[in-house]
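Please open the model in your viewer, with the sequence alongside, and follow the stops below in order.

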Amino acid sequence: MLLRVNVSLLAVFFLILLMPLSIARAATHVEVAVDQLNIRSEPGTTTQIVATLKKATRLPITKQQKDWTQVKLPNGNTGWVNNKYVKMIEVPQIKYVRSNVDMLNVRAEPNATAQILQIIDKNGVFLQMRKQGDWAQIKLSDQKNGWVKASFLTETTAPKPVPVPAPAPVPVPTPAPTPIPAPTTMPAPPPPVLPSNTGSGFGQGTIVLTEGYEVYAQPDILGTVIGQIHGGMTINHYGYANGWYTINFNGTYGYIFKPMEQTGTAPTPPSSTPGAPATLPTTTPPSVQELQIRVKNPDSNIRNGPTTAHAVIGTVQPGQVFPVVQTVGDWYLIRLADNSTAYIAGWIVEKIQPAGTLPPTGATYEYNSGMIGNEKVYIYHTHNRESWRNVARNQQGSSVDDPEINITLVGKRLGELLQARGISAMASQDDFAQRLREQNKSYSMSYTESYKAVAAAAATSPHLQYIFDIHRDSDEPRSKVAITINGKTYSRMLFVIGTANPNHLANKKLAEELNARLEASYPGLSRGIILKGSNQGNGVYNQSISEGALLLEFGGTNNTLEEGYNTAEAFAEVFGNYLIESQIAFN
């Protein structure tokens, strides 16, 4: 009997070791793993579609049910997603806690028999690092963490940053001895400069929130969520830029993305009276005005003063980014993740452009290099780095991307084939992904960026009639996206029409014409036509510029470049015949 119990315990032990990390740690959010994902009103593939979201969108989890997860949408409503098309992730959230009892033991491990490291009272505020069962780990110092029973903790606001004392002034020799001044405390940083009314935003005011919003630590939709604010509130904001409002959230700066329009006047600036309660954080938020630095060297020291003689209070690693509170000579006073401050030498860091800012004044981007002005067909790729699993060099997470071997090669081949048929065509090779990165914009802004190129093409060529945005569809099985006809394998095509623009009926008619011709010449090559409104995705897809604009999906991640080339040949043949039959004169 004892042997049987020991074998059972051993089996359980190995099962725990083999348990995926995603199961061992509870997910807080889902991340969309496909290019477009339908959000449904109830679990099931036949229920109503309430929204369509793009790849890499993150949504908080509200509940789970077998193969489906309920998520909270940006508008405050909820919907259901199929777990096959999302990744379960844990989004770290900044949470400060305090003890709700007078004497609370902090232990070395998450159990009641572990060594007591420290006893805390109700006055201390601590950063909660993580939870494990009924226990929470808190940060006691830069070098030490400890565990407490979570039931004895209460969530609270972040402590205000404490200015770091400045070094004592060096005495100046004089004929008569003079006393050395006592050490002084570095003055608190000046009140923040509120954003001015510029071309990319406007200054302070009030906003009425008719629905709830998540609050972010930085103006970055993929960044850390630090809390939520509920609908039905009127709050002050301290500036708006690039879709983000800066607000005061629990004593620190927070950011909400695209709430209601500005409705009020500027709030009263914070009091500068000594001892008066602060209504704003004491440091400038990481917005357009704030300098940030990125660490270059491994194990870089941070110190309690702006010289190498000051004590080392920790180390930071390459790639870490910190906002700058103040500059002292060749040193930066930086704000750390727990809102404390430290000094770092300027020669081991690099300055970076803050997230959400625009390119430097005078910076312009030229699209459609080589366009002549007589083109009738314009080919481009909003998601230009979409690639295939057999060649893509970036396959982290849900990405299947490559900066060189990607969907633009298929567009280039299609342009060459049309030119060979006497159809004047321009195949853009613009790298919209790089443009977004240079401007610190998220993937969700792809269509906004590619629209600039499409609009420029239409302005350059007055004869332009057909605009094709060619994509590679998501992670679909080959049985759905590949077909062999007469011994040659093709990427199956899908026509996507946005219905939220005035040209959608004309665009749909063109798609129907081409779809019918494809089916006649290459049976099964087309996957058909889908219509998408604004509640199912972008809804426009830059198709408002022309009555001949189409979004074309050429296969999916499990196809190959060669199969894409084969489909380009078939489409060029069908489209060329369509132009002849429509009696369109081309150069």
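The tour goes from strand pairing to a cavity and then to aromatic rings.

Before selecting anything, note that this is a predicted model, in which local features need pLDDT of at least 70 and side-chain atom pairs count only at pLDDT 80 or more, while totals for chains, interfaces and linings use all residues. Residues are numbered from 1 along each chain as its sequence is written, and side-chain values use heavy atoms, with hydrogens and water left out.

**Strand 8 and its partners**

Select strand 8, residues 96-99; strands (E, at least two residues) and helices (H or I, at least four) are DSSP runs numbered from the N terminus, and two strands pair if DSSP finds at least two bridges between them. Strand 8 pairs in the antiparallel sense with strand 11 (residues 126-132) over two bridges, and V97 has F126 of strand 11 as its bridge partner. Now add strand 14 (residues 153-156), which runs antiparallel to strand 8 and is joined to it by four bridges; here S99 stands opposite L153.

**The largest cavity**

Next, select D35, Q36, K54, H383, E386, Y447, H471, R472, L551 and E553, which line the largest cavity. A cavity is a set of points, on a 1 Å grid over the protein atoms alone, where a 1.4 Å probe fits but cannot get out, and lining residues have an atom within 4 Å of a point. The space in this largest cavity is about 50 Å³, the volume being that filled by probe spheres set on the grid points, which are joined across faces, edges and corners. Because domain 1 (29-89) and domain 5 (372-585) both give residues to the lining, the largest cavity lies between them; the domain bounds come from an automatic or database domain assignment.

**Aromatic pairs**

Keep Y447 selected, since the search of the whole structure finds ten aromatic pairs, where rings of Phe, Tyr and Trp (its six-membered ring) pair if their centres lie within 6.5 Å, and planes under 30 degrees apart count as stacked, over 60 as edge-to-face and the rest as tilted. Add Y541, which forms an edge-to-face pair with Y447, at 5.4 Å centre to centre and 75 degrees between the planes. This pair links distant parts of the chain, with Y447 in helix 5 (residues 446-460) and Y541 in the loop between strand 36 (526-532) and strand 37 (549-554), 94 residues apart. Both Y447 and Y541 are buried, a term for under 20% relative accessible area, against over 50% for exposed and in between for partly exposed (1.4 Å probe, protein chains only).

Finally, select Y466, F468, F571, F575 and Y578, which ring pairs link into a cluster.

Conventions. 1 Å grid on protein atoms, 1.4 Å probe; cavity = no way out; pocket = protein on both sides within 12 Å on 5 of 7 lines; lining within 4 Å.
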